[in-house]
Amino acid sequence: MLESLMRGYVSVFNVFIAVYLIVYTLILLGSTVYGALRILRDERLESLHNVLEHDFYFPVSILIPLHNEGQTGIQTVANVLKHDYKLFEVVIIDDGSTDQTKQLVIDHFALKREYGRPIRYQVPCKPIREVYVGRYEGRDITLICKVNGGSKADAVNAGINASAYPYILNMDGDEILQRDALVRAARAIMEDDNVIGVGGNLRISNSVEFRDAMPQKHAFGKNLLPDVQTLEYGRNFAGSRLLHNQWNANLIISGGYGVFKKSALIEVGGYDRESMGEDFEMTLRLHEHYLSQKEPYRMKYVEDSICWTQAPNTYRDLGKQRERWQCGLMQTLAKYRGMILNPRYGKVGMLMLPYHIAYELLAPTIMVLGWLAIACSLLLGDFNFPFVIMVYMVYVLFSVMLTAISFVGNCHRGGEKLGALTIAKVVGLGLYEAFVYRTYVLAVQFFSQFRRKRTAKTWVSPRRVLIDA
């Protein structure tokens with residue numbers, strides 16, 4: 001009787017896993033096709049109409065938080081200074097570094113200490129101890145040195161308090177802001193007065209050659225791990241966020257690259273310093289605030305506004321990153337559980353949050369249970385081998401196909417020609433991702449559920465390399 005009952009449960013769960021994977025694949029396919037058609041339409045419009053460069057540029061404060069990463073921070077600032085945008089300042093936040101970060105920045109940019117500078121603490125952060133200012137290559141640069149707050153959110157809040165301009169751009173200390181990125185983000189803001197936030201396209205810089213903060217050549221390196229992440233980022237950013245634009249339902253404006261109206265951030269109290277996923281938390285908080293107040297607003301994703309970031313080079317660093325992302329996801333969804341399936345919050349509450357629960361939060365647990373169901377089927381001698389292999393291979397083939405389409409599309413838009421060998425490498429990397437990389441990430445995400453308290457309150461910079469852009 002018990003064995004028969006187990007057979008029934010295992011069979012039902014195997015069917016559930018098959019349906020789960022098929023639905024996920026169809027969602028990816030639909031969003032990718034939509035994104036490709038949207039990009040094609042935008043490219044045609046761009047080619048038919050000259051885009052006027054406005055004389056008016058709203059001023060932007062570019063915030064770059066650093067913690068024990070002076071050399072990479074200096075390189076990031078140097079790359080930002082090559083930007084085409086006419087009116088911006090750079091605010092560097094030294095978040096209690098214990099190395100020579102502060103002195104390296106002061107010496108490189110010839111900054112002078114400014115005494116008695118008034119700083120209005122409009123959002124909470126640890127105390128700011130020192131302020132250094134200067135001009136470098138015709139741009140205003142401010143360095144604020146503060147007590148370590150234990151999180152990037154605290155550092156960004158300090159930058160908001162010290163910034164002079166009404167829009168802020170938040171980025172990491174290891175990134176290359178593409179020279180035309182801010183101009184393209186500004187267009188989205190100038191087109192609609194209700195825009196309070198713009199998210200850009202994060203791409204992987206590890207194996208890209210740059211000149212004057214513009215990509216020149218993409219080549220896969222010897223390390224499979226950054227190359228796989230190149231494909232992963234390209235696929236994840238390509239279609240879904242353009243589709244979510246139509247619903248005003250993008251749930252993440254990345255902490256690696258996002259432009260916000262400063263007054264909106266101040267209105268909701270700044271970044272949550274206790275959050276392990278401060279970018280996801282802030283985006284959801286803005287949605288909740290404006291939807292509950294019934295105030296008009298928009299948060300957009302701009303596909304051709306690109307910022308390049310370094311991907312982890314080792315599985316250890318990747319594991320730390322994905323563990324933190326998963327814990328931040330759990331924490332934020334728990335905090336905003338009142339929005340889930342609540343008609344008051346429109347498509348955000350009724351569509352996007354349930355999707356994140358089903359295919360982000362629960363995916364690791366469902367896949368682990370799927371593997372256990374397969375093991376039980378083998379033990380019970382009731383394993384439908386052809387069915388399982390067919391479903392999984394369809395899933396893998398669709399995943400590889402979507403990955404290749406996204407990569408080729410990104411290279412095509414950048415004017416880069418691809419040879420047959422590169423396409424073959426993309427397919428090979430797609431298979432490696434499906435069988436090895438994704439299994440590792442799912443395992444990390446699964447065990448993260450039991451390490452949430454240990455993961456909290458860590459402000460750790462991964463190992464980075466200098467990139468001359």
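**Aromatic pairs and the covering of helix α2**

Ten aromatic pairs are counted in this predicted model. One of them is formed by F58 and Y167, whose rings lie 4.4 Å centre to centre with 40 degrees between the planes, a tilted arrangement. F58 is located in the loop between α1 (2-48) and β1, whereas Y167 belongs to strand β6; the pair therefore ties together parts that are 109 residues apart in sequence. Both F58 and Y167 are buried.

A second pair joins Y315 and Y440. The ring centres of Y315 and Y440 are 4.7 Å apart and their planes stand at 80 degrees, so the pair is classed as edge-to-face, the cut-off for this class being over 60 degrees. Because Y315 lies in helix α10 (residues 315-335) and Y440 in helix α14 (residues 420-448), the pair ties together parts that are 125 residues apart in sequence. Y315 counts as partly exposed, at 25% relative accessibility, and Y440 is likewise partly exposed, with a relative accessible area of 28%. In addition, Y20, Y355 and Y359 form one aromatic cluster.

Helix α2 (residues 70-80) is mostly covered, with eight of its eleven residues buried. The buried positions in α2 are G70, T72, G73, I74, T76, V77, N79 and V80. The elements that cover these buried residues include the strands β1 (60-66), β2 (88-95), β5 (139-146), β6 (167-171) and β7 (176-177), together with helix α3 (101-109). Strand β6 is thus named in both contexts: it is among the elements covering the buried residues of α2, and it contains Y167 of the pair with F58.

Technical notes. Residues are numbered from 1 along each chain as its sequence is written. This is a predicted model: local features need pLDDT of at least 70, side-chain atom pairs count only at pLDDT 80 or more; totals for chains, interfaces and linings use all residues. Side-chain values use heavy atoms; hydrogens and water are left out. Buried means under 20% relative accessible area, exposed over 50%, partly exposed in between (1.4 Å probe, protein chains only). Helices (H or I, at least four residues) and strands (E, at least two) are DSSP runs, numbered from the N terminus. Contact means heavy atoms within 4.5 Å. Rings of Phe, Tyr and Trp (its six-membered ring) pair if their centres lie within 6.5 Å; planes under 30 degrees apart count as stacked, over 60 as edge-to-face and the rest as tilted.
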